[in-house]
2 protein chains.
Amino acid sequence: MTSQVDAGALTAVLDGRWAELRGRLRDRMTATKLADSYDLDRETHRAQVFEQLRELVAAGHPKLGFDREYGGAGDVGGSVVSFQLLGYGDLSLMVKAGVQWGLFGGAVQMLGTRRHHERYLPGIMSLDVPGCFAMTESGHGSDVQHLRTTATFRDGEFVLDTPDDDARKDYIGNAARDGRMAVVFAQLVIGDRSYGVHAFLVPIRDEAGRPMPGVRIEDCGPKAGLNGVDNGRLWFSGVRVPREALLNRYADVAPDGTYSSPIESDGRRFFTMLGALVRGRVSVAGSAGSATQRALTIGVRRAETRRQFARPGGDEEIVLLDYLAHQRKLLPALATTYALHFAQEELVTMLHEVHTSSSPDERAQRVLESRAAGIKAVATWHATATIQAVREACGGAGYLAENLLPGLKADTDVFTTFEGDNTVLLQLVAKGLLTDYRDNFADLSPLATARLVAEQLMGAVLERWPAPKLGSPSLFDRQWQRDLFADREQHVLAGLARRLRAAASSDRDPFDVFNDAQDHVLLAGRVHIDRLVLEAFVSAIERCADSSARALLERVCDLHVLSNIEADRGWFLEHGRLTPPVAKKVVAEVGALCKELRPHARTLVDAFAIPEQYVVTSLG
Amino acid sequence: MTSQVDAGALTAVLDGRWAELRGRLRDRMTATKLADSYDLDRETHRAQVFEQLRELVAAGHPKLGFDREYGGAGDVGGSVVSFQLLGYGDLSLMVKAGVQWGLFGGAVQMLGTRRHHERYLPGIMSLDVPGCFAMTESGHGSDVQHLRTTATFRDGEFVLDTPDDDARKDYIGNAARDGRMAVVFAQLVIGDRSYGVHAFLVPIRDEAGRPMPGVRIEDCGPKAGLNGVDNGRLWFSGVRVPREALLNRYADVAPDGTYSSPIESDGRRFFTMLGALVRGRVSVAGSAGSATQRALTIGVRRAETRRQFARPGGDEEIVLLDYLAHQRKLLPALATTYALHFAQEELVTMLHEVHTSSSPDERAQRVLESRAAGIKAVATWHATATIQAVREACGGAGYLAENLLPGLKADTDVFTTFEGDNTVLLQLVAKGLLTDYRDNFADLSPLATARLVAEQLMGAVLERWPAPKLGSPSLFDRQWQRDLFADREQHVLAGLARRLRAAASSDRDPFDVFNDAQDHVLLAGRVHIDRLVLEAFVSAIERCADSSARALLERVCDLHVLSNIEADRGWFLEHGRLTPPVAKKVVAEVGALCKELRPHARTLVDAFAIPEQYVVTSLG
C-alpha cells in the first residue's frame, strides 16, 4: 500500500513561481553542512549564528531583496522565499537574518532615501553594519503608534531620549551582542509639537563594540527559544544624531526646523510607514510554514516506522500511522499545511507585484497588508498546534532535544505574538473588510474598529452581501465547498456590521460596542482568510500538470476543507448551513479521507523536498 | 469593580480534605527560598535538584506515602497532595522526587514484600539509595506488556539481558547521574517458558558511582524541559541478581525454579502490578493542575496591570483583561482549572480509600485506574493548552525565561505522553465503560478494545442506557447541565457499543473494526471524564459554607460547563441535543460570563494560594 504519485510532481506545484530559486537554495543548503544548535550554550549559539550570517553573505543571500543599484538583485518575492527556505534550518539564523536584512535593512530601504541607501545599504548587505530594528518598547508592543521614546529637534540635530523604563526599547534582536546601529522609532518633537512616530538611524556601539555615549544596552537573557538571537533592551539619554539620521522618505525636517511631509495626517503617515514594512510579516508566515513542514516530515517518518501493540490474534505490531487516531493527529494538519503553503505563495506574489510596481496602488497595498496580517496569524497558530501534535505523536522520543521537535516548538512559539500579535492582526483583517479597504491607513489598533463604529463607516458593507442560497450538498463538490466558505464569510461579516451599526446608533461607548463584538471581529478575520486559503489551493491544483499528482492534491484539498468544516461545524449547524446528518457525514468523511491518504503520507511530506540533513533524526 | 469575595473562603474549598497538610506545605515552601532554575546549565541544574531532594528528606516529605512500620506516615492521599504542591515549584524537582519516592519507592512498596521493605524502604526515604523505575524501552513505551528485556532464572539467580538496542531501557529518570539501583521490568524466563513481565531490584552503580559490571548507562542528553532530571538509558548484559531481587508480592520463584502466583493469567498479573502503581499517574495529574494554576496566576496578574491602546476619545489605555478576547483566552480556562482541581481532589480521596483499605475491592481498584487515566489525560492536555494561551496572552514578555512561562511550558509538555500516553489512556477509560469494569485487567493496549469486539463482551452496555428525554433548557439550571453531560456520555457510549457490535458480528478483522471506531472510543472516554469533572465541581460547591464564595463558584461552574458545551456544540447540534438558537445563546452566555467574572479574576487565582515566590515575575 504505497503511493504511486511522484513526489517531484507535487514539489513542482509547491515550488511555484520561484521554483528555480528554491532549487538553488536547497542545493546550497544540502551542500552546506550547518552545525547543530540544540545543545549549545547561549553565547556559543549566538556566535555560531553570527558566523552563519557571514556564510549567507558569502553566498549572496542578502542581495536578493535589495535594489540593483546598490548591488542587490531586486527580487522582492525571491527574498521572502529565501527566508522561507532558511526556515527549514536553525530558526535563530532565520530570525537573525530577518532582523539584519529584513527589518533593519528593510527599514533603511523602504523608509530612507538615496542618501541613506548609498551610505548604508552596501554595509548592511555585507554585514559590516550589523543593525537593529528598535520599535517595540516595554510598555508599547502592539500599540506602536503610542510609543514614548522622543527625538527632539534641537540645534539642527535630533536628540533621542527614553523618558522612563516603560519606554525602553525591548526584545530588540541584534541589540545585546552584535548591533552597531539601530533604526529607532521615536516621537518626533519640534518645539512644542509632536509629529508622531518617525524612524532614525542611530549608532548604538562604536567600532570596539562599546555602547555609544548616552546609550545603555541590556541583555534580555534566556528565552523560550531562538537563543541564537541576541535580544536586548536599549535606553537613550540625550543621544544626538544629525538631521540626516531621519529616514525621510515620508517626512523631513529642514535645517530651520520646518517639518514637511506628503502625507498630512500623523497617523496615516505612520501607518503608511508600517505598511512599507509588511515584508517581515510575510517572511514570518513563510518560515512558520517551513517549520511546520519540517515537523510533519519528522512526524510522518516516525509514524511510518514505529510500531506499537500487536494485532489481535497475531504477533506483528501495528505501524503507528495505521491507527485512525494517529492519522487524525497528522493528516488534516498536513492537508492544511499544503493549503497554507499555496496561500503563502500567492501572498509572496502579491507582495512582489506591489513592491516592484512603478506606480503602487494604494488599495492594493492595503489589501496586501490585510492578507499578510491574516495569513501570518493563521499560519503561525497552525504551526504551534501542528508542532505540538507532532511532538505528542512522537512520545518521549519527541521530547529529546536531539530529535529537533523541542527546538522547533520553542523557536516557533513566539511567532504567534511577534511581527504583530495574532489577535490584533485578525482584527486588522476584519477592519479592512468592514471598510472595504477604503479606510486611509492600516491602524493596528483593535480599537480602530471601535473608532469605525463611532464614525459610522460600515453602511456599505451590508448592501454588498446578499444572502446566498446553498444547494444540496455533495461534500466533495469543490464549488459547493467554495460557496460554503464564501457564504460563511459573508454571513459573519454582515452580522458583525449589523451588530456594530445597531449598537453604534445607540449612545453606548464605542469601546463597549466594539468589545462586545470582539469575538465576532476575530471570527470575521479568520473565515475571510479561510476562504482565501481555499481559493489559493484551488488555483494551485489548476497549475498541476501531472494527472496523478493532481488527483492526489484534490483529495488533500478535500481533507483540508472537510476538517475545517468539521472543526467549525457548530457554526454551520447553528446557522442552518449544514443539517445534522450532513455534519455527521463530514466527520465520517474526514476519517475516511485520512484512511485514503494514509498511503500517500510519506510522498506528501517528501514533496516538501526539505534537505535531508534537517529531517534526519533517531525518530525514523 | 473589584471582587467582594474572600479568596480565603475559596481556598478552603479548594484545599479540601488535606487542607491542614496543604497549609503546612505552603508555609514550608514560603519559608524555603528555593533557587531559580531557568538559567542553569544542565549539570548545575541536576546538582541543584539533587540537593533540593535532600532538603525534602530533611523536611520529612518522603515519609508521607510510606507505611508507618518503616518510618513513614501512611498517608497515601497526603503523599499525592505533597507532589501536587511541589508542582508549584521547579517541575524537575517534582519529577525527580516522583521518580525516587513515587515510582522507584512505590514499586518496592507495592510490588515487593517485607524482605524488600525492611531492607530498602528506609534507604529509599533517606535518599541513601537513589533509584530508577526502569520500565519503558526504546521499542516499547505504551505497550509495556511486550517489553523485551529478559530475566532468566539460572542456578538460583536471575540473569538480566538486553537483547538489542530496541530493548534498552529509555528515558529513565535518575539513571544518567544519580541512581544506584533500579526496579527493572523484564520478561521472567524459567527454562523454556516466559511468565510475562516482572519487576527486579537491580544495582546499577557501585558506591563510587561507577556502573556495575554488565550494566551500560547512557545519558539521554538535553530535553525540551525537565533538564534537572537525569534521564538515561540502560543496557544489561548477563547481570546476575539473587533470587530475592524479584519483587514478589504477586509472584515468586522457589529455589528450585518453581514459579508460583496467586494470579493465574500472566496478563492479568502484569496489569494488576501496573494497577498498583496508579499513584504516579494521579500525581502527574495533580502537578499538571498546579502548573496550570501557576501560569494562570501569572497571566491574570499581567492582564490586570498591562494596558494597551487608548480608549477611543480618551487618553487612558485599556487594561488587557477588559478586552473580551483576553477574557476568553484566560477565564474559561480558569473555570475549567477549578473544575479539574475538584476532580483531582476526588480522585486523590478515591486513591487514598482504595490504597489504605484492608480489603481492597477489585472493582473499586479498576474504577480508580480508569479515573486516574482519564483525569490525567484531560488535566495534562488542559495544562498544555492553557499554559500556551497564557504565554501568548503575555506577548514577548511571556517568551522571556525569567518570566517563568517558558519553563512551565517546556516542563509540562511531556506530561501528555508520560505516565501513559493520553490517547492510550482515554481508550482505557472507554474500555472500562464498555465492560462496566468487569474485564479482569486494565490492559493499556488500545487493541484491548479490539479484543473486546472479538470477544463480544459489550452486550450489557446497550441495555444499561435508556434514551433520556431532555427538557427545554435553562442554560444555568445545574440539573439540566448535568443531564446534558450524562446524556452525551450515554449516547456516545451506546453508539460506540452498537457500532462495535454490528461490525463484530460481521467477519471483519477485529483491528479494523476497532480502528474505524477509534475516534468514537476517544470521545467516549473524554465525555465520561467531562461528566465526572462536572459532578466533582457540583460536590465542591455543596461543601462551600461561605455564601458569597459559593455564589461565585456557581458562576465559575457555569462558565466551565457552558464553555465545554460551546466547544462541543457541533456534537450537541448534530444529535439534536441543542437547537441552533440555544447553541447561539450558549456562545453569547460564555461571553457574558467572562464579563461578569472579570472583576473576580484576581480573587480566583489568589485563592490558589500559591506561595508568592513562585508567581512573582516582571509581568505584573
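**Exercise 1.** How much area do domain 1 of chain A and domain 2 of chain A bury between them, and what part of it is on carbon and sulfur atoms?

*Solution.* Keep in mind that this is a predicted model.

Step 1: Find the two domains. In chain A, an automatic or database assignment places domain 1 at 132–270 and domain 2 at 279–613. Their centres, taken over C-alpha atoms, are 36 Å apart.

Step 2: Look at where they touch. Domain 1 of chain A brings nine residues to the contact, and domain 2 of chain A brings 11 residues.

Step 3: Read off the area. The two domains bury about 770 Å² between them, with 57% of it on carbon and sulfur atoms. On the side of domain 1, A:Ser142, A:Leu226 and A:Arg268 supply 63% of the area buried against domain 2, more than any other three residues.

**Exercise 2.** Find the charged pair that links the two domains of chain A, and sort the residues around it.

*Solution.*

Step 1: Count the salt bridges. The rule finds one across the interface of domain 1 and domain 2 of chain A.

Step 2: Check a pair of side chains. A:Glu362 and A:Arg268 meet at 2.6 Å, N to O. The cut-off is 4 Å, so a pair of this kind at that distance counts as a salt bridge.

Step 3: Sort by class. The side of domain 1 of chain A that touches domain 2 has three nonpolar, five polar and one charged residue.

**Exercise 3.** Describe how chain B meets chain A.

*Solution.*

Step 1: Count the partners. Chain B gives 79 residues to the contact, and chain A gives 79 residues.

Step 2: Take the area. About 6,500 Å² is buried between chain B and chain A, and carbon and sulfur atoms give 54% of that. B:Phe309, B:Tyr399 and B:Glu574 supply 13% of the area that chain B buries against chain A, more than any other three residues.

Step 3: Turn to the polar side. There are 16 salt bridges across this interface, and 58 residue pairs are in polar contact. B:Glu402 and A:Arg233 form a salt bridge, with their closest N and O atoms 3.7 Å apart.

Step 4: Sort by class. Where chain B touches chain A, its side holds 33 nonpolar, 19 polar and 27 charged residues.

**Exercise 4.** Which residues have the most contacts inside the largest nonpolar core?

*Solution.*

Step 1: Start with a general tendency. In soluble globular proteins, nonpolar side chains tend to be buried together.

Step 2: Go to the largest core. This core has 359 residues, and A:Phe185, A:Tyr338, B:Phe185 and B:Tyr338 have the most contacts inside it.

Step 3: Look beyond it. Another core of 28 residues lies apart, including B:Cys132, B:Leu160, B:Ala175 and B:Val202.

Conventions
Residues are numbered from 1 along each chain as its sequence is written. Chains are lettered from A and ligands numbered from 1 in the order in which they are written. This is a predicted model: local features need pLDDT of at least 70, side-chain atom pairs count only at pLDDT 80 or more; totals for chains, interfaces and linings use all residues. Side-chain values use heavy atoms; hydrogens and water are left out. Contact means heavy atoms within 4.5 Å. Buried area is the accessible area (1.4 Å probe) that two parts lose on being put together, summed over both. A salt bridge is a side-chain nitrogen of Lys or Arg within 4 Å of a carboxyl oxygen of Asp or Glu. A polar contact is a pair of N or O atoms within 3.5 Å; within protein, one must be able to donate a hydrogen and the other to accept it, and residues adjacent in sequence count only if both atoms are side-chain atoms. Ala, Val, Leu, Ile, Met, Phe, Trp, Tyr, Cys and Pro count as nonpolar, Asp, Glu, Lys and Arg as charged, and the others, Gly among them, as polar. A nonpolar core is a set of buried Ala, Val, Leu, Ile, Met, Phe, Trp, Tyr and Cys residues joined through side-chain atoms within 4.5 Å. Buried means under 20% relative accessible area, exposed over 50%, partly exposed in between (1.4 Å probe, protein chains only).
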